[in-house]
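This report describes one structure in plain terms, for a reader who has not seen it before. It starts with pairs of charged side chains, then turns to the chains as wholes and to a few single residues.

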Amino acid sequence: MATVGTTTKDNTAALVQTKRKKATKFETKLALFGLLFASPWILGLLMFNVYPLLASAYYSFTTYSILEPGKFVGFENYTTLFKDDVFWKSISNTLYYTFIFVPLSIVQGVALAMLLNLKIKGQGIYRTLFFIPSLVPEIATVIIWLWLLNPQFGLVNFWLDKIGISGPPWIGSEAWSKPSLILMSLWGTGQAVVIYLAGLQDVPQDYYDAAQVDGANAWQRMRTITLPLLTPVIFFNMIMGMIGALQNFVLPYTLTNGQGTPANSMMFYVMYLYTNGFAYLKMGYASAMAWILFIIVVALTAIIFATQKRWVHYQR
Amino acid sequence: METSSRLTIFQRGFAHAVLIIMGAFFLSPFLWMVSTSLKSNAELFLWPPKWIPSTMVWRNYPDAIDYIPFFKYLSNSLLISGLATIAVLISCPLVAYSLARIPWKGAKPLFGATLIVMMMPYQVTMIPIFITFKNIGWVGTNIPLWLPALFGAPFYIFLLRQFFMGLPKELEDAARIDGASELRIYSQIMLPLCKPALLTIALFQFMGSWKDYQGPLIYLSDESQYTLMLGMQAFKSQHGAEWQLMMATLVMITLPIMILYFLVQKAFIRGITFTGIK
């Protein structure tokens with residue numbers, strides 16, 4: 001038999017142990033609930049992301065079409081792609097569009113949000129005005145702008161004519177088709193403005209008051225307070241905007257009835273991928289394209305992330 | 001911004017000028033669509049262009065509805081958008097709650113995976129998913145257009161997680177001490193609190209499905225299954241010359257989204273402010 005002292009010790013130990021047991025039991029229960037609640041998404045990840053990702057990697061090494069199972073061809077799809085002129089054309093079109101549209105949309109969005117954040121008359125009306133186009137479906141955007149940009153009877157060239165500029169042929173010409181598309185895309189970026197606005201309203205008023213006391217003018221306040229504090233939102237929109245721009249499909253596809261005309265100047269990467277996969281049924285070839293797109297997206301995202309330290313300021 | 005009260009008249013005037021010019025750029029295509037939808041064939045190609053038709057041809061609207069199986073396409077669109085929205089509302093908050101509020105080992109890696117998937121281009125998984133649905137025999141039905149939403153969508157899970165993270169921790173601690181089950185804490189305490197965020201993702205999903213073009217293009221082959229967006233395309237190539245009917249149809253497919261947006265606008269903007277997009 002143990003002494004009194006050790007008995008107490010034993011008792012405490014036992015108590016701690018039961019407590020611990022209870023705690024672990026509670027933790028296990030929680031973990032089980034966590035797993036249960038997350039299970040739809042775990043299944044979704046496996047069924048709609050992990051499996052398709054692996055399958056697409058496999059298909060990219062085969063001649064798979066819907067009609068036949070296809071055979072393993074190693075890197076042939078990739079080497080054929082690198083010799084495919086339309087592939088290169090679609091890459092250059094897509095990068096052209098991305099590198100011009102994304103910066104322009106950020107400048108436009110931030111500028112508009114700052115103006116819309118001012119306390120001026122008609123603020124609510126202005127805000128609505130810029131948001132309306134982003135509610136218009138892309139197919140409607142295409143048809144409206146096809147009509148507006150018509151070289152003979154379109155409204156845009158009519159206005160240009162009025163200020164003495166002879167308007168370009170827009171969508172009909174190789175040089176102007178992509179700028180036309182960028183113009184149309186910029187029209188529909190109102191959703192980003194709302195997000196920038198939300199970011200602006202988060203900037204603490206004290207900062208402005210302090211700057212005011214120091215005698216900073218409106219321009220300096222914007223440069224040193226508003227813009228730096230908005231950089232996390234800009235960063236988010238830049239990444240999402242870039243990923244979206246690289247996947248540009250509906251506008252050029254419906255605008256050119258899937259042809260990418262004139263002279264493939266409107267053949268965008270995902271359009272060519274879609275055409276290979278679903279029109280020519282070259283699913284293996286299209287899968288190789290999908291993987292190259294994936295690598296491009298990862299690389300560009302990594303580059304933007306690497307620059308983050310230099311220009312993104314987090315408040316905390 | 002309080003500081004704006006100190007704006008000079010010049011700055012104020014400048015702001016209005018820029019907003020009006022930009023506003024014209026944003027509004028006029030939309031007004032032009034409405035104006036064209038009410039024009040007669042004769043006034044369509046007038047030069048100089050005319051903003052207000054001399055006689056409003058309201059007949060363009062019923063004519064447009066007769067030109068394509070409008071109501072068939074409309075009901076297809078509504079069904080797909082509605083089902084996808086319900087699916088997203090069932091799955092996403094559940095997952096987001098688990099990631100944000102339940103302390104378990106898997107939460108962190110699962111959130112990491114969610115972020116990666118959010119950035120993954122849809123095209124990478126598009127072909128194998130299509131092949132799988134083809135093998136099951138669902139290609140040509142609307143099932144592939146809403147069923148995956150039942151298994152969660154990364155962007156919405158991300159938004160809702162940010163929202164849940166912002167709620168005070170005492171809420172569920174108190175409930176847990178009182179012996180409430182996790183399911184009860186979730187459904188009776190947490191879910192009602194995130195109504196604005198739920199409304200935001202519901203709106204995003206409904207508009208996304210309603211406007212979706214690529215999905216229906218890949219999965220729907222029979223015209224009786226077409227959504228309004230696909231139906232528009234058929235309209236565009238077959239009856240390319242009937243601009244005013246096309247514009248009338250565009251007004252009719254754009255209007256429901258606008259009405260929906262303006263109805264829930266306040267909650268929507270609050271949802272965006274609370275969720276962590278900003």
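In this model, B:Glu182 and B:Arg176 are joined by a salt bridge, with 2.6 Å between the closest N and O atoms. Both B:Glu182 and B:Arg176 are buried. The model is a predicted one, and the values below are computed from it.

**Salt bridges**

Side chains of opposite charge can pair when their charged atoms come close. Over all chains, the count of salt bridges is four. Three of them are listed here, including the pair named above.

| Salt bridge | Closest N to O distance |
|---|---|
| B:Glu182 and B:Arg176 | 2.6 Å |
| B:Asp63 and B:Arg59 | 2.6 Å |
| B:Lys169 and B:Asp173 | 3.8 Å |

The surroundings of these residues can be described by their accessibility. B:Asp63, which pairs with B:Arg59, has a relative accessible area of 26% and is therefore partly exposed. In the bridge between B:Lys169 and B:Asp173, B:Lys169 is partly exposed at 45%, and B:Asp173 is partly exposed at 32%. B:Glu182 and B:Arg176, by contrast, are both buried.

**Chain B as a whole**

Chain B contains 13 helices and zero strands. Its radius of gyration is 24 Å, whereas a compact globule of 278 residues would have one near 19 Å. The C-alpha trace of chain B extends over about 75 × 65 × 30 Å along its principal axes.

Buried residues account for 55% of the 278 residues of chain B. Taking contacts in chain B between residues at least 6 apart in sequence, 72% link residues that are at least 24 apart. The exposed surface of chain B is about 12,100 Å², and 68% of it comes from carbon and sulfur atoms. Chain B has 20 positive and 13 negative charges, and the mean positions of the two sets are 8 Å apart.

**Chain A as a whole**

Chain A has 13 helices and zero strands. Its radius of gyration is 28 Å, well over the 20 Å that the globule rule gives for 316 residues, so chain A is more spread out than a compact globule. Along the principal axes, the C-alpha trace of chain A spans about 105 × 75 × 30 Å.

Of the 316 residues in chain A, 52% are buried. Among contacts in chain A with a separation of 6 or more, 67% are between residues 24 or more positions apart. Chain A has an accessible surface of about 15,400 Å², and carbon and sulfur atoms make up 66% of that area. There are 21 positive and 13 negative side chains in chain A, with 11 Å between the centres of the two sets.

**Two buried residues in helices of chain A**

A:Thr94 sits in helix 3 of chain A, which covers residues 85-116. With a relative accessible area of 4%, under the 20% cut-off, A:Thr94 is buried. Which residues does A:Thr94 touch, leaving aside those up to four places away in sequence? They are A:Ala245, A:Leu246, A:Phe268 and A:Tyr269. A:Tyr51 is 43 residues from A:Thr94 along the chain, and the C-alpha atoms of the two are separated by 28 Å.

A:Ser287 belongs to helix 13 of chain A, residues 283-311. Its relative accessibility is 1%, and A:Ser287 therefore counts as buried. Leaving out residues up to four places away in sequence, A:Ser287 touches A:Ser56, A:Tyr59 and A:Ser60, and also B:Ile127 of chain B.

**Backbone features in loops of chain A**

The peptide bond that leads from A:Thr261 to A:Pro262 is cis, and its omega is near -5°. A:Pro262 is in the loop between helix 11 (250-255) and helix 12 (269-279) of chain A. A:Ala263 is also in the loop between helix 11 and helix 12. A:Ala263 is not a glycine, yet its phi is positive, at about 50°.

Where in chain A is A:Leu281? A:Leu281 lies in the loop between helix 12 and helix 13. This residue is not a glycine either, and A:Leu281 has a positive phi of about 55°. With a relative accessibility of 26%, A:Leu281 is partly exposed.

Technical notes: Residues numbered from 1 in each chain as written. Chains lettered and ligands numbered in written order. Predicted model: local features only at pLDDT ≥ 70, side-chain atom pairs only at ≥ 80, totals over all residues. Heavy atoms only, no water. Helix = DSSP H or I, 4+ residues; strand = E, 2+ residues; numbered from the N terminus. Rg over C-alpha atoms; globule rule 2.2 N^0.38 Å. Buried < 20%, exposed > 50% of the residue type's maximum accessible area, 1.4 Å probe, protein only. Contact = heavy atoms within 4.5 Å. Areas by Shrake-Rupley, 256 points an atom, 1.4 Å probe, with all protein chains shown as cover. Lys, Arg positive; Asp, Glu negative; His and termini not counted. Charge placed at Lys NZ, Arg CZ, Asp CG, Glu CD. Salt bridge = Lys/Arg side-chain N within 4 Å of Asp/Glu carboxyl O.
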